[in-house]
Amino acid sequence: MRVVVLTGAGVSAESGVPTFRDADGLWEGHRVEDVATPEAYDANPGLVQEFYDARRAALKRVTPNPAHTALARLGDVLGDDLLLVTQNVDDLHERGGSHDVLHMHGELLSALCRACGHRYRWADELSSRPPCPGCGVRELRPDIVWFGEMPYEMERIYRALAEADLFVSVGTSGAVYPAAGFVVEARANGVRSLELNLQPSEGTHWFDEARHGKAGDLVPRWVD
Ligand code: BV8
């Protein structure tokens, strides 16, 4: 069976990673426009760098939860028949045992050179924005897809959505596109869809089935 799973901040919530739009959300203290856009970075690179440095540092204090490890078990069973796409920029899927995770919005543990486009594993000294190891230009930035930027590997995602037997969305509000439109893409291709979320998402009406509760409970029950 070919499965596409999309995860959002809700899959990491029980690990202690703040979500974006819940009461104590991540954007608290920052307007999205102030930190998650290329314009914000150009206007105030220090603020944006601090925002991502803080989230990267917080990764050391969190651990995968049963939702992450259940999705890793699913990957062990399905192999290449599972495409795990995450909107999250944390590394909890990998630390939970998943392989080949598709980070459509980039990763905290990666840096991108705006001059040559090369992506690097993050190292703490990159916070001081040294010259790019590849091209020598001082244009390294967080490897995060900001609003108005094209998410990574969209072709691969749409191809998988067209060929899947099942699309499962876990822990996302359905507030941000193009990820929020994946369920519509699945339906257009006759692919069954399931939502696993704490509460109905903005797109819940598009899903064939929706189960509401904590990812740490719902995902292992669905996988096992
Ligand atoms: C693009 C990285 C085009 C940053 C992020 C009008 C209509 C449609 C679209 C648009 C529009 N105006 C503008 C747009 C486009 C825009 C967009 O969608 N805006 C929205 C606000 C309307 N999208 C973009 O700009 C995208 N790019 O469109 O490019 C283009 C075309 C050609 C060429 C170039 C460009 C890029 C969007 C990516 C932005 N980056 N993240 C960072 O991390 O700092 S977005 C960010 O919010 C997340 O990555 C995530 O993707 C997104 C949604 O967050 P969620 O993960 O869903 O988290 P949220 O808090 O919202 O929800 C958590 C859910 O979990 C809740 O439902 C909650 O109930 C649940 N939950 C909580 N606890 C649990 C739980 N569930 C289970 N268990 C629990 N324990």
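How do the residues of the shell around the ligand divide into nonpolar, polar and charged? The split is 17 nonpolar, twelve polar and six charged, where Ala, Val, Leu, Ile, Met, Phe, Trp, Tyr, Cys and Pro count as nonpolar, Asp, Glu, Lys and Arg as charged, and the others, Gly among them, as polar.

A quick word on what you're looking at: this is a predicted model, in which local features need pLDDT of at least 70, side-chain atom pairs count only at pLDDT 80 or more, and totals for chains, interfaces and linings use all residues. Residues are numbered from 1 along each chain as its sequence is written, and side-chain values use heavy atoms, with hydrogens and water left out.

Now to the ligand. It has 35 residues around it, taking a residue as near when one of its heavy atoms lies within 4 Å. The closest are Arg21, Arg55, Gly148, Thr172 and Ser173. Gly148 places a backbone N or O atom 2.7 Å from a ligand oxygen, a polar contact (a pair of N or O atoms within 3.5 Å). The side chain of His105 has an N or O atom 3.0 Å from an oxygen of the ligand, and for the side chain of Gln199 that distance is 3.4 Å.

His105 deserves a second look: an unreviewed UniProt entry lists it for "active site", though such annotations may be inferred rather than shown by experiment. You'll find His105 in the loop between strand 3 (102-103) and strand 4 (106-113), strands being DSSP runs (E) of at least two residues, numbered from the N terminus.

Definitions and conventions
A polar contact is a pair of N or O atoms within 3.5 Å; within protein, one must be able to donate a hydrogen and the other to accept it, and residues adjacent in sequence count only if both atoms are side-chain atoms. Helices (H or I, at least four residues) and strands (E, at least two) are DSSP runs, numbered from the N terminus.
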